[in-house]
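Visitor: I'm new to this one. Can you walk me through it?
Guide: Sure. Have a look, then ask away.

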Amino acid sequence: MLNNKAILVTGGTGSFGKAFTKYVFEHYDPKKIIIYSRDEYKQFIMRNEFKKYEDRLRFFIGDVRDKERLKRAFEGVDYVVHAAALKQVPACEYNPAEAIKTNIGGAQNVIDAALDCGIKKVVALSTDKAVNPVNLYGGTKLVSDKLFIAANAYAGSKEICFSIVRYGNVAGSRGSVIPLFQNLLKQGKKELPVTDYRMTRFWISLQQGVELVIKALEEAKGGETFISKIPSFKITDLAQAMCPGCEMPEVGIREGEKLHEIMVTVEDSLTTYEYEKHFIVYPQMVWSEHKKAAPTGKKVPEGFSYSSGNNTEWLNVEQIQELLKTVDLEK
């Protein structure tokens, strides 16, 4: 599906953008991939890392806050993957207006530019924090999700659809618990602080996140939210896997933090279907019959929810230790 197609990734110099670019070049034959981002230095680094693909890799300096720049970048593009966002919870709390401009205003700009430029598919990256949000970052991503789903109402007869991919923190990503624990151990610490002994998280690798985006690009009809079925782990088990027998003082939950990552709420269950390796939350409103997605999976029962706390698949300490060997910490 991606063969001979032009694909643009907003925020493309991040860990997802790099992994997506590598995966697509290794598994498909795209016409070109365009990296759209603000940081010229990160583009310079990425250009050197992907030198063997330089004939089909383009770098476009621009901000998602700039609609006209987006329109220029979108010319001749088939698919857009929207990964650009302000993601750090404390930074968004302290700079709420900036988070709104990028995560909400930027989302609307991507939608408008895609509608105006003949883009065929747009997949936007979401987060578990957008589900029942307790911090500003989650609130902005909730609005962003709603904007992308509702954007299908404005497609009319155009061959364009907007969909969403939702997952939590990628194992080893900046600001997550694995690099935090690793840094403490490198400093010679003999204990790992745990905010709450009840805390759980999903385990997802960067490649699994990329593969879910590819699935959305291949299958989306408009308005769906794609969610991977992935295992859960207890934070206490992660600490034991990284430092067997070490002390784990409970230090209290941080502001804006949840005990569990939530992917599907009870309210979402009304339009959620289960597949072998993923769930799809279908839009509750359908704006045109020719774009209506026809679920082929199994309808989840009423009252169903999916979180890292009520998951049916769990990693034990030994399994976590094996997975840690595959984690590439985000620089």
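Visitor: Let's start small. Which residues does lysine 299 touch, not counting residues up to four places away in sequence?
Guide: Lysine 299 touches Ser269, Leu270, Thr271, Thr272 and Tyr273. Keep in mind that this is a predicted model.

Visitor: Where does lysine 299 lie?
Guide: Lysine 299 lies in strand 13, residues 298-299.

Visitor: What does the side chain of lysine 299 reach at 2.7 Å?
Guide: That is the backbone oxygen of serine 269. The side chain of lysine 299 also reaches the backbone oxygen of leucine 270, at 3.4 Å.

Visitor: How many residues apart along the chain are lysine 299 and glutamate 274?
Guide: They are 25 residues apart along the chain. Their C-alpha atoms are separated by 6.2 Å.

Visitor: And why does lysine 299 count as partly exposed?
Guide: Its relative accessible area is 35%. Partly exposed runs between the 20% and 50% cut-offs, so lysine 299 gets that label.

Visitor: New topic: aspartate 145. Buried or exposed?
Guide: Aspartate 145 counts as buried, because its relative accessibility is 5%. The cut-off for buried is under 20%.

Visitor: Where does aspartate 145 lie, and what is it in contact with?
Guide: Aspartate 145 lies in helix 6, residues 136-150. Leaving aside neighbours within four places in sequence, aspartate 145 is in contact with Ser126, Ala130, Ile164 and Arg166.

Visitor: Arg166, okay. What about cavities: how many of 30 Å³ or more does the structure hold?
Guide: The structure holds 1 cavity of 30 Å³ or more. The largest cavity has a volume of about 30 Å³.

Visitor: Which residues line the largest cavity?
Guide: Arg166 is one of them. The others are Tyr167, Phe202, Ile204, Ile227, Ser228, Ile230, Met263 and Tyr306. By class, that lining has 7 nonpolar, 1 polar and 1 charged residues.

Visitor: On to pockets. How much space lies in the second largest pocket?
Guide: About 940 Å³. There are 31 residues lining the second largest pocket. Closest to its centre are Ser15, Lys18, Ala19, Leu206 and Asp328.

Visitor: Which helices each supply at least two residues of that lining?
Guide: Helix 1 (15-27), helix 2 (40-49) and helix 8 (206-219) each do. The largest share, 7 residues, comes from helix 1.

Visitor: And by class?
Guide: The lining of the second largest pocket has 12 nonpolar, 9 polar and 10 charged residues.

Visitor: You mentioned helix 8. What span should its 14 residues have?
Guide: At 1.5 Å a residue, helix 8 should span 20 Å. Its end C-alpha atoms are 20 Å apart, so the two agree.

Visitor: Which residues in helix 8 are buried?
Guide: Gly209, Val210, Leu212, Val213, Ile214, Ala216 and Leu217 are buried there.

Visitor: What covers the buried residues of helix 8?
Guide: The cover includes helix 1, along with strand 4 (79-82), strand 5 (121-125), strand 6 (161-166) and strand 8 (225-228).

Visitor: Last one, helix 9. Why is it largely enclosed by the rest of the structure?
Guide: Because 6 of its 8 residues are buried. In helix 9, those are Ile235, Thr236, Leu238, Ala239, Ala241 and Met242.

Visitor: What do the buried residues of helix 9 pack against?
Guide: They pack against helix 7 (177-186), strand 7 (200-202), strand 9 (232-234) and helix 10 (317-324).

Note on methods:
Residues are numbered from 1 along each chain as its sequence is written. This is a predicted model: local features need pLDDT of at least 70, side-chain atom pairs count only at pLDDT 80 or more; totals for chains, interfaces and linings use all residues. Side-chain values use heavy atoms; hydrogens and water are left out. On a 1 Å grid over the protein atoms alone, a cavity is a set of points where a 1.4 Å probe fits but cannot get out, and a pocket is an open set with protein on both sides within 12 Å along at least five of seven lines; lining residues have an atom within 4 Å of a point. Grid points are joined across faces, edges and corners, and a volume is the space filled by probe spheres set on the points. Helices (H or I, at least four residues) and strands (E, at least two) are DSSP runs, numbered from the N terminus. Ala, Val, Leu, Ile, Met, Phe, Trp, Tyr, Cys and Pro count as nonpolar, Asp, Glu, Lys and Arg as charged, and the others, Gly among them, as polar. Buried means under 20% relative accessible area, exposed over 50%, partly exposed in between (1.4 Å probe, protein chains only). Contact means heavy atoms within 4.5 Å. A polar contact is a pair of N or O atoms within 3.5 Å; within protein, one must be able to donate a hydrogen and the other to accept it, and residues adjacent in sequence count only if both atoms are side-chain atoms. The expected span of a helix is 1.5 Å times one less than its number of residues.
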